[in-house]
Amino acid sequence: MKKQIIIGLALATVLSSCGRGKQGYDPDSLDSTALAAISQDSYEAHVATLASDEYQGRKPFTKGDTLTVSYIEQQFKSLGLKPGNGDSYFQEVPMVEITSKPTTPTLTFTGKNGTLTARYLDDYVIGTRRLEDHIDIPTTNLVFAGFGIVAPEYNWNDYDGLDVKGKTVVVMVGDPGYYDKTLFKADTMTYYGRWTYKYEEAGRQGAAGVLLIHDTGAASYGWDVVRTGWSGPQLDLVAEDKGASNPAFEGWVSGETAQKLFQLGGLDANLLESAKKPGFKPVPLDISTEVHIQNTFRYAKSNNVIATIEGAKRPGETIIYTAHWDHLGIGESVDGDSIYNGAIDNAAGVSALFEIAKAFQAAKVKPERTIVFMALTAEEEGLLGSAYYTENPIYPINKAVANLNMDAFSALGETKDVSIVGIGQTEIEDYVARSAAKFDRIVRGEKNPSSGGFYRSDHFNFVKKGVPGLFMGSGSELISTDTVAIHVRQKALEGRYHSVRDELDGHWDLGGILADIRLFFDIGYMLSMEKTFPQFTEKSEFRDLGEKRLAK
Ligand SMILES: [Zn+2]
């Protein structure tokens, strides 16, 4: 009898903690009805469609674009979501596709020890963001400017005393902290380490050209990723100045080519090492080259696809879920396959938007703040869809509570931990920890903070506007103890990033992705019931920016 009462009480506690019924919303419990709406079967079907060969790798402006955005619109409609842009689900993003080709396939460098001929794509890549038919640089001298960083707060200036007008700067990827843990943020890459920053800074300095020295460790990806990314047309937003503020040309050289360049200039191979230490001064390389690029342009529009669930109490305040829908399209053929399907990157993220929307629709207590679902275009081309949205926001930036970005799922299976990219940046992490605990999971930082992941997906454009962004993915502590199966899966899935092998197949274990989707839902749900706005942390370089935008 006594036992039965205890069981009865326990059951009553479980039921009331399910967030159901008249008690209302309870942030310390999970809404089991909402979570039950997240279905592996429908999720997998969405991924299969979006990553199918028919969708041609979902490159903006292609047939794959048309198919993808109409599929997403269709799903948003059938889920009963409201159009996110007036009476439309689309936000048009005007872009320009620039096809830059060197007029000869080789680039010749002349130095005091002779000449060096570099082969296009094998040894170097090059392009321009200037909207000019021809780029003709009859001669330009090379200068080695270390990391190409100007960071007063770290007392670092690689351009100190250097006039780079008409010159081509050669710079290393990464930032000094990667090599010396006492510098910058040690292993955690700062924005100064990103290649986008290097080009921006070279443009501010007025350089004619900029060449990055590739290094697999510091860049966190191999030459093949650079090669794939640059062998074809490049997309950009249409800038008012037609790209005139950018260097005339931008490119990369392989690590090996850089070594040969230094030899050509008769320079000490230790130059790279001394540039990693404070106090380095830029060194002219005594090498010249000429650059001729022919450009063709195609102006075209792609779309962000946006839908909402209106908040029941504070509809003006938004929780913005994002996932980019685009991928690399059709490219260089590898083993007879030329379609870059982008199943993990990022059919997996887009499909998660649909499942999370279903969960919100099923929730017993409606979200008090508005939930925005945003499938963004042209992330792979430099975060362009999110850049356009944050420049042209539909929902006021100062009422955006958080951006929750999905672009990093893993098909390796369920993990005990979740991994926050760029951990320590925002107070959203408190919600992550609280939600993770409900699922009996723990929070960790990313495994490889030196890869600068925090600057490499769409949430970063929200962060640049002062909106706290969360970029979170599966952790690494697998729950399964079947080490043989894990090993087989790891072998089958490795090396797929940005390759033709990023496909949905039998090697996937979807359990981990579904667990992460449930977590993403619950975090957004908790935030939607709050009245406060999470901030950037004290030590975040974006703290001031965040406070200023809320004050607006
Ligand atoms: Zn991606």
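Q: Buried means under 20% relative accessible area, exposed means over 50%, and partly exposed is anything in between (1.4 Å probe, protein chains only). On that scale, what makes Asp 407 count as buried?
A: Asp 407 has 14% relative accessibility, and the cut-off is under 20%, so buried it is. This is a predicted model, where local features need pLDDT of at least 70, side-chain atom pairs count only at pLDDT 80 or more, and totals for chains, interfaces and linings use all residues. Numbering starts from 1 along each chain as its sequence is written, and side-chain values use heavy atoms, with hydrogens and water left out.

Q: Which residues hold the zinc ion, and how do you know that they are donors?
A: His 324 (NE2), Asp 345 (OD) and Asp 407 (OD, listed twice) coordinate the zinc ion at 1.9 to 2.6 Å. Donors are N, O and S atoms within 2.8 Å of the metal (3.2 Å for Na, K and Ca), so these qualify; water is not among the atoms, so sites may look incomplete.

Q: Why is the site of the zinc ion called irregular?
A: Angles among its four donor atoms run from 54 to 152°. Four donors are tetrahedral if all angles lie between 85 and 135 degrees; four are square planar and six octahedral if opposite donors are over 155 degrees apart and all others between 65 and 115; anything else is irregular, so that's the label here.

Q: How do you know that Arg 441 is buried rather than exposed?
A: Arg 441 comes in at 9% relative accessibility, so it counts as buried. Among the residues it touches (contact means heavy atoms within 4.5 Å) are Asp 417 and Asp 516.

How values were computed
Lists of a residue's contacts leave out its neighbours within four places in sequence.
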